[in-house]
Amino acid sequence: MAQIYVRPQPLETPAVPDVAFLRFLSLIATHDWHKSPLIVDFKKDMTHAEIAAIKADFTDKRKSFPLMSIITHFDATSHWTRNGPSAVILKRLGLLAKVSLLTAEAGRLSGTAFDSKTIFRPPASDDWDCLIHLKPIIAARRHEALDLTDDVLAAFQTSTDHLDNSKKKLKPIKANKLPVLDLSHGNIAKPDNRLLLDFDAVNEYVAALRETFGELAYFFVDPHGGTVVTVVWKTAQFKTVVWDGEEECLTGGRMTEKEEKGKRRTALKLSPNIAAMVEDFRLLGNGLVWHVEIRPEKWRI
């Protein structure tokens, strides 16, 4: 975002935040991260020769720079982006920015009232390996979704049925529809039921997925009422590892024979068990997961 204000040319420096945000989307959607770094001149004193030298060094040593390289006076190697984003995330980021920009431009040129929140609606994408569908009634923030489903709308009761639709107001969700924590104590016969405050089951579930399977897959979800977790495999991590220890191994894999120093011994080839992982997705989200949709025909593992 700093680049929009530091180097707005050939345009004027944006005076309102929505214009700056649209230019930011344009920058993310159009910048060729593979061929050129983003050079942010905070001091506004870089010469053309210095900028040319930075670009030449980037081209010569491309493999040593991160995928998204942002160069400043204080960081000549883009150290703070070295751990991310990955190629998958960067591609997704560019797609989201492009679709959001097109939506904003179409809305502004339509001549009618435009709901700016629609630019945050994720585009339909075929780049997924697995979808984890969650139960909407468990999603604590489902009322924040851009596209409210019928079951969410049904949870809100209109308080002025005699008025026309434009004047109706929505009641809050009834307390008996909110998540309830059931605490059973040994010295209390009746459970202590209390409303859960600041508890987001979807957020906790996705955090657990990333902690458990983060090395093997990406997990995407809309934090504002999303009920579908998109899974993309990190195919580069799906490598077969040879295990030939003497102790018992309970991990599934394929058995193979190999020769070593004239002696025949058994080696175990271990590879990620996708079927077990998908089942773990269900078990980890027990009570929250509705069903898991997979596309094994698309997998290249």
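**Entry 1: F219 and its partner**

I began with F219 and looked up its bridge partner in β7, which is V231. I note at once that this is a predicted model. F219 brought me to the pair β6 and β7, which run antiparallel and are joined by 4 bridges. I then looked at V231 from the other side. There C130 stands opposite V231. That belongs to the pairing of β3 with β7, again antiparallel, with 4 bridges.

**Entry 2: The whole sheet**

Next I traced the sheet. In what order do the strands of the open sheet lie? I read β6-β7-β3-β11, 4 strands with antiparallel pairing. The edges are β6, residues 217–220, and β11, residues 289–294. Each of these edge strands pairs on one side only. From one strand to the next, the twist averages 20°. I reminded myself that strands of a sheet pair through backbone hydrogen bonds, either parallel or antiparallel.

I checked the remaining pair, β3 with β11. They are antiparallel, and 5 bridges hold the pairing. One position I wrote down is H133, which stands opposite H291 in β11.

**Entry 3: Helices on the sheet**

I asked what packs on this sheet, starting with α6. Helix α6 touches β3, β6, β7 (228–233) and β11. Its direction makes about 170° with that of β6. Then I took α7. This helix also packs on the sheet, and it touches β3, β6, β7 and β11. The direction of α7 makes about 155° with that of β11.

**Entry 4: α6 against α7**

I turned to the two helices themselves. Two packed helices are described by the angle between their axes and the distance between the axes. Here α6 covers residues 201–213 and α7 covers residues 274–284. I noted an angle of about 145° and axes 11 Å apart. The crossing of α6 past α7 is right-handed.

Which residues make the contact? From α6 I listed Y205, A208, L209, T212 and F213. From α7 I listed M277, D280, F281 and L284. Sorted by class, the contact has 7 nonpolar, 1 polar and 1 charged residues.

**Entry 5: V206**

I stayed in helix α6 for V206. Is V206 buried or exposed? It counts as buried, because its relative accessibility is 2% and the cut-off is under 20%. I then looked for its contacts beyond the neighbours within four places in sequence. They are F219, V221 and V229. So F219, where I began, turns up again as a contact of V206. I also checked the spacing of V206 and V229. They are 23 residues apart in sequence, and their C-alpha atoms are 7.8 Å apart in space.

**Entry 6: W233**

W233 was my next stop, in strand β7. At 4% relative accessibility, W233 counts as buried. I compared its place with that of G214. The two are 19 residues apart in sequence and 9.6 Å apart in space, C-alpha to C-alpha.

**Entry 7: R142**

I moved to the loop between β3 (130–134) and α5 (150–154), where R142 lies. R142 is buried, with a relative accessible area of 6%. What does the side chain of R142 reach? I found the backbone oxygen of I137, at 3.2 Å.

**Entry 8: Backbone oddities**

I kept one general point in mind here. Most residues other than glycine have a negative phi, and most peptide bonds are trans. I looked for departures and wrote down four.

- The peptide bond from Q9 to P10 is cis, with omega near 10°. P10 sits in the loop between α1 (2–6) and α2 (17–30).
- G84 and P85 are joined by a cis peptide bond too, with omega about 5°. P85 is in the loop between β2 (70–71) and α4 (87–109).
- K44 has a positive phi, near 55°. I placed K44 in the loop between β1 (38–39) and α3 (48–60). K44 is exposed, with a relative accessible area of 59%.
- S78 has a positive phi near 55° as well. S78 is in the loop between β2 and α4. S78 is buried, at 0% relative accessible area.

**Entry 9: The chain as a whole**

Last, I stepped back. I counted 7 helices and 11 strands in the protein chain. Of its 301 residues, 29% count as buried. I also looked at contacts between residues at least 6 apart in sequence. Among these, 52% join residues at least 24 apart.

Technical notes: Residues numbered from 1 in each chain as written. Predicted model: local features only at pLDDT ≥ 70, side-chain atom pairs only at ≥ 80, totals over all residues. Heavy atoms only, no water. Helix = DSSP H or I, 4+ residues; strand = E, 2+ residues; numbered from the N terminus. Buried < 20%, exposed > 50% of the residue type's maximum accessible area, 1.4 Å probe, protein only. Polar contact = N/O pair within 3.5 Å; in protein donor to acceptor, adjacent residues only side chain to side chain. Axes fitted to C-alpha atoms, helices over the stretch in contact; angles between N-to-C directions. Left-handed = near helix turned anticlockwise from the far one by under 90°. Contact = heavy atoms within 4.5 Å. Nonpolar A, V, L, I, M, F, W, Y, C, P; charged D, E, K, R; others polar. Pairing = 2+ DSSP bridges.
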